[in-house]
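Subject: Structure for you to look at

Hello,

Below is the structure I said I would pass on. Please open it alongside this email, as my notes follow it.

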Amino acid sequence: MPPATADLQTTWNFLEDGVDHIMTKLQTGVSYSKYMSLYTVAYNYCTSSKMHTASLDSLGIGNRTGANLMGSDLYNHLIRYFVLHLKSLRERAEAQQDEALLRFYAAEWDRYTTGANYINRLFTYLNRHWVKRERDEGRIQVYPVYTLALVQWNHNLFTTIQEKNTKLANAILRLIESQRNGETIDQGLIKKVVDSFVSLGLDTTDPNKACLDVYKTHFEVPFILATEAYYKKESESFLTDHSLPDYLKKAEERLKEEEDRVERYLNTGTRKPLVTTCENVLIRDHSLLMWENFQQLLDFDKDEDLQRMYALLSRIPEGLDPLRKRFEDHVKNAGLAAVSTLVGEAGANVDTLDPKAYVDALLEVHRKNSETVQRSFRGEAGFVASLDKACREFVNRNAATGSSNTKSPELLAKHADLLLRKNNKVAEEGDLEGALNRVMVLFKYIEDKDVFQTFYTTKLSKRLIHGVSASDDSEDSMLQKLKDACGYEYTRKLSRMFMDMTLSHDLTNQFKNRMQQLHENDMDISFSIMAAVLLQYNNNDTLSLNELFTATSVPKDLLTQILALLVKAKILINEESEQYDLNPNFKSKKIRVNLNLPIKAEKQAETKDVLKSVDEDRKYVIQATIVRIMKARKTMKHQPLIQEVISQISMRFAPKIPDIKKAIDTLLEKEYIERVDGTKDTFAYVA
């Protein structure tokens, strides 16, 4: 070991021997004493009081003297050593090709960087003092020893090899293409070489900061271009010989392969440009074909293929919009077709349409497509919105409704009435709550909820009066569901009816108790019009229409309808015009025969009265809404006022613009609002 006062040449000769051993023969080992000797010599030289005057012309800091030059001569000798060492490696590398070149490069890179790490620690004092001072004074071309080693590798080996037909990058790309073609490759080899590209990046202002310039320029850019060309060719060729479902599987596999590739041996920063490129080539370039085949997959319930198509197209911004529109049309057409089948040709069965069959048909379309949304489209909000929009359309406008918006709410209310009556199969099977929930599924799509409300109110009143409700709990459950959907005001009348019935029940019980106390021997008597007619046959086997009219005083048109029901039930026989005979052979398997059937005229009158009531209520609702809006806004133009009215009322029913205009005219006449002077379309609230 040279003494502390040794000159530069003696010092460097000793250090160079150790540096070369570390860089080329490290696998044979370095003793601790040898390593500490090298460290001590480097330290002694850097701290020597001698004024070394070595030139650093190659660094642009030559002809400087004094303390600033302490260690500069060692730094310069290190540069010359790296240059010579790398020259010999470059000559050996130039004879290599493809995978052999990569193996040579990776092996030498491991050896070089491992040695450079040891050398960097040998010259710790040089890094900590001289290099730091140089960089602090703005000489950013001076680097810590390990970074210096990487800079020299870049300039004297890497760049030289790359300039000759980008040998390194092309060798990597050929291996990756082989892997894409199904061959097995050494992924660890690629990772070592790619990692070297990353390590060679240098931020001159901060050597410790990661920089991907070399990696991006020499590998990522050509890799992305090669990937694009490969998949463009493969996808076009694959689609020529295979079906779209097969292509969806292929594209899904390829995208996963590329994401796995990033994890295995590429820099994570490549993920975004790589995935974006693959999505463009594998998905966007073939998106039109996918959109066109979407309907076929829907028609044949190809759930797995739909899931793949959704997953792929969801990766590009514009991918799902055409699917959502096609799905909406599909659901709408399915709903319209279901109702058309039920109604028959030319709407022949509209008047006799069974509410249960109608509701079940609509619910089945909703159920099937709702499952598709959850299963194939992962419940995505856009597809849920498409389903809702389509259901709202076919529920309110179909072959059964015609041009009227009142048919669906009427049939739904009648279906709910059948569910909530005694002796219905659903209640007996214990699934009444589920059936009511399904009613609410369709109720959500009903536009004219006020029509449903009025029909439901009418039916509820009859159930309560005749005591035919399945149970108070079921009635209360349905009432709560409507309240949750539309608010307290919507169910206020219905709640009041329950309160009135409770009060009536209590009063009736009190009356009966009182009557029993006063008239213990009296018999309870109840009767109806039909019973009044049947009582006439206690003393007669045959009666004419006029005789029955005289005996009961029931109007003939109503009497005729009641007699028709009795004839249909085979209790009476009508063989001669206006002559009704008691049927002595009447038999029934039922213990209790239900003759309290609705009369057709009553049904028609009920529907007519309900719709008339709805129209009247709507007039007042529109007027009240306008007054409420004008009271809050004080002044408002005509068109914004109409839009605001529609917005506020649409949850209850779909108001017609002519009705809103009539309401405005009515309020002008009643002086609730007035036109603003000098304007034609601006109204003001009259306090």
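Helix H24 (residues 545–552) lies across strands E1 and E3, and its direction is at about 85 degrees to E1. A second helix, H25 (residues 556–568), packs on the sheet as well, where it touches E2 and E3. The direction of H25 makes about 105 degrees with that of E2. Please keep in mind that this is a predicted model.

The sheet under these helices is open and has three strands in the order E1-E3-E2, with antiparallel pairing. Strands E1 (542–544) and E2 (572–576) are the edge strands, since each pairs on one side only. From one strand to the next, the twist averages 30 degrees. In general, strands of a sheet pair through backbone hydrogen bonds, and the pairing is either parallel or antiparallel. Here, E2 and E3 (residues 579–582) pair in the antiparallel sense over three bridges. To find one pair of residues on screen, start at Leu 572, whose bridge partner in E3 is Leu 582.

Next, two backbone angles. Most residues other than glycine have a negative phi. Lys 570 is not a glycine, yet its phi is positive, at about 65 degrees. Lys 570 sits in the loop between H25 and E2. Is Lys 570 buried or exposed? Its relative accessible area is 57%, and the cut-off for exposed is over 50%, so Lys 570 counts as exposed.

Glu 671 is another residue that has a positive phi of about 65 degrees without being a glycine. Its place is in the loop between helix H28 (657–669) and strand E5 (673–675). Glu 671 is also exposed, because its relative accessibility is 59%.

The last item is helix H16 (residues 381–396). Does its length agree or disagree with what 16 residues should span? At 1.5 Å a residue, the expected span is 22 Å, and the end C-alpha atoms of H16 are 23 Å apart, so the two agree.

At the start of H16, a side-chain oxygen of Glu 380 comes to within 2.9 Å of the backbone nitrogen of Gly 382. Gly 382 is also one of the buried residues of H16, and others among them are Phe 383, Leu 387, Cys 391, Phe 394 and Val 395. What do the buried residues of H16 pack against? Their partners are helices H13 (303–313), H14 (321–343), H15 (355–376), H17 (407–419) and H19 (432–443).

Regards

Note on methods:
Residues numbered from 1 in each chain as written. Predicted model: local features only at pLDDT ≥ 70, side-chain atom pairs only at ≥ 80, totals over all residues. Heavy atoms only, no water. Pairing = 2+ DSSP bridges. Helix = DSSP H or I, 4+ residues; strand = E, 2+ residues; numbered from the N terminus. Axes fitted to C-alpha atoms, helices over the stretch in contact; angles between N-to-C directions. Contact = heavy atoms within 4.5 Å. Buried < 20%, exposed > 50% of the residue type's maximum accessible area, 1.4 Å probe, protein only. Expected span 1.5 Å × (residues − 1). Polar contact = N/O pair within 3.5 Å; in protein donor to acceptor, adjacent residues only side chain to side chain.
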